[in-house]
Amino acid sequence: MVGKKIIIPILLTACFGLSSCQPGDEGVDDPFILPDLYGLEVKDAKLQVGADLLFEEVEVKTSELIEGRILGYADDLEPGDEVEKGTRVKINVAKRQDSAINIDSALVDYYNVIDYVTGPDSPNADILLNAGAYGTDLGIPFRLPDGRLMLLYGDTFSGANMQGFWNSNFMAITSDTVFYDGLEFDSVVTNDVGMIKPFAQGAHQEDTFENIGTEVTKIPTGGITVNDEVYIFYMSIRYWGVAGSWLVSYNQCLKATDDTYQEWVEVPSLRWNEDELYYAGQIYPYADPNDSEHIYFLSIPGGRNDGTVMFRVATENFENRDEYEYLVDEDTWVKGDEGMSELNSNPYYVADPSVAEPSIMYSKYLDKYLIATLKGSSINLLVADKISGPYDEVYPVIDASDYFGLYGGFITPLISDSDGKRIYIQLSQWTPIYNTSLVEVILK
């Protein structure tokens, strides 16, 4: 992978001896003003121009737009130029990159790895290496009050192969809004000497299965802005088991003290201990665009082997855990300790096992909700008609046979376009390089 992409037109269509037009001379008898067609599908552009313009398509391999969308005019023509009505003009039309991988799926057309987001080969290498971050994972995005994105990363090491100084987590901030050429950071949150500053450092104690008080690390599970306050949820891991199986003592919510994001304080009421709700090890908050009155949460235990439960709270009661409602059956919400008790004794899964590091978004294009998760050796999209599921439509997207050592795979409407027809996933790799990449996924 390389950094920013340069789009080089590659003519794939044959020339059939048809004359292409040039900007019209002054005084043409029947002028037509070329409209701006950028981003339109060819069929929609044809409807717009009618019989006044004929198209000759030139395919251009690029990730700038979804395949089949118009990039612009060829032959130095531009919107606003005059041509004679009925003229044939060449238009550049996006074609998927050669690196794109086709998916045999009713949901997904293809995916393509854009670039690394973190690591020494990423566009953010200088910022990260100068701050002591060589290898990391996750990259959970959410919107800050000023409109920028914060991305939450997990265990981070200053050297290759998970060596060097170990930080439990770090935060990056970006104002990037165009992702087809990669995701670039504005900054990372650092301390007074310019090194990354975790929102909360783990104790880095030795793994001890029996001792619930042991803490190995603190890893983010989600972030959200509510009423202009910024919150992060993290899990306290006490034991790393075999691959995909770890134990979480509790999940805690933190709140930023100011807009530098250097200091965070615990929200005392928003801690879920393992013995209170086993299924609240990894909590992912989500603001549903179709329900502004509530904040929703996907939640799983430690590890990657169980199902997803859901709870919610009225937005104005976000910091009051007593007001949280737990989904204990289809369309049945039970508040407080009673709801947690019912989930513990008889969990109601909105997505069946196995679910790992879940994230969620609503796709206007599909008019459906999507959960991204690792199942087996593949990143999958789980689909439902309503936010509370059930997410019983399962579509594999990215397989480890094509992208080795993959996990994570976070989605968000904040990094998507075309009303959710194209979504971007930040994907982690355990090996051969412990870092993250940006992947575009095109839905059918």
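Trainee: What is the strand order in the open sheet of four strands, and which pairing does the sheet have?

Mentor: Good place to start, and bear in mind that this is a predicted model. The order reads β14-β15-β16-β17, and the pairing is antiparallel. From one strand to the next, the twist averages 25 degrees.

Trainee: Which strands stand at the edges of the sheet?

Mentor: Look for strands with a single partner. Here they are β14 (217-226) and β17 (264-273), so each has one side without a neighbour in the sheet. β14 is joined to β15 by nine bridges; one pair to look up is P220 with its bridge partner Y234 in β15.

Trainee: Now the interior. Which residues touch the most other members of the largest nonpolar core?

Mentor: The general idea is that in soluble globular proteins nonpolar side chains tend to be buried together. In this model the largest such core has 96 residues, and M150, W264, W272, F318, Y391 and I398 touch the most other members. Strand β15 (residues 229-240) contributes the most, with seven residues. A separate, second core holds 18 residues, among them I114, A131, L151 and V188.

Trainee: What is W264 in contact with, leaving aside neighbours within four places in sequence?

Mentor: Its contacts include M150, M171 and F199, then V230, Y231 and I232, and also L254 and K255.

Trainee: And T208, where is its place?

Mentor: T208 lies in the loop between β13 (187-188) and β14. Partly exposed runs from 20% to 50% relative accessibility, so T208, at 26%, counts as partly exposed. Beyond residues up to four places away in sequence, T208 touches T214, R238 and Y239.

Conventions. Residues are numbered from 1 along each chain as its sequence is written. This is a predicted model: local features need pLDDT of at least 70, side-chain atom pairs count only at pLDDT 80 or more; totals for chains, interfaces and linings use all residues. Side-chain values use heavy atoms; hydrogens and water are left out. A nonpolar core is a set of buried Ala, Val, Leu, Ile, Met, Phe, Trp, Tyr and Cys residues joined through side-chain atoms within 4.5 Å. Buried means under 20% relative accessible area, exposed over 50%, partly exposed in between (1.4 Å probe, protein chains only). Helices (H or I, at least four residues) and strands (E, at least two) are DSSP runs, numbered from the N terminus. Contact means heavy atoms within 4.5 Å. Two strands pair if DSSP finds at least two bridges between them. Axes are lines fitted to C-alpha atoms, for helices over the stretch in contact, and angles run from 0 to 180 degrees between N-to-C directions.
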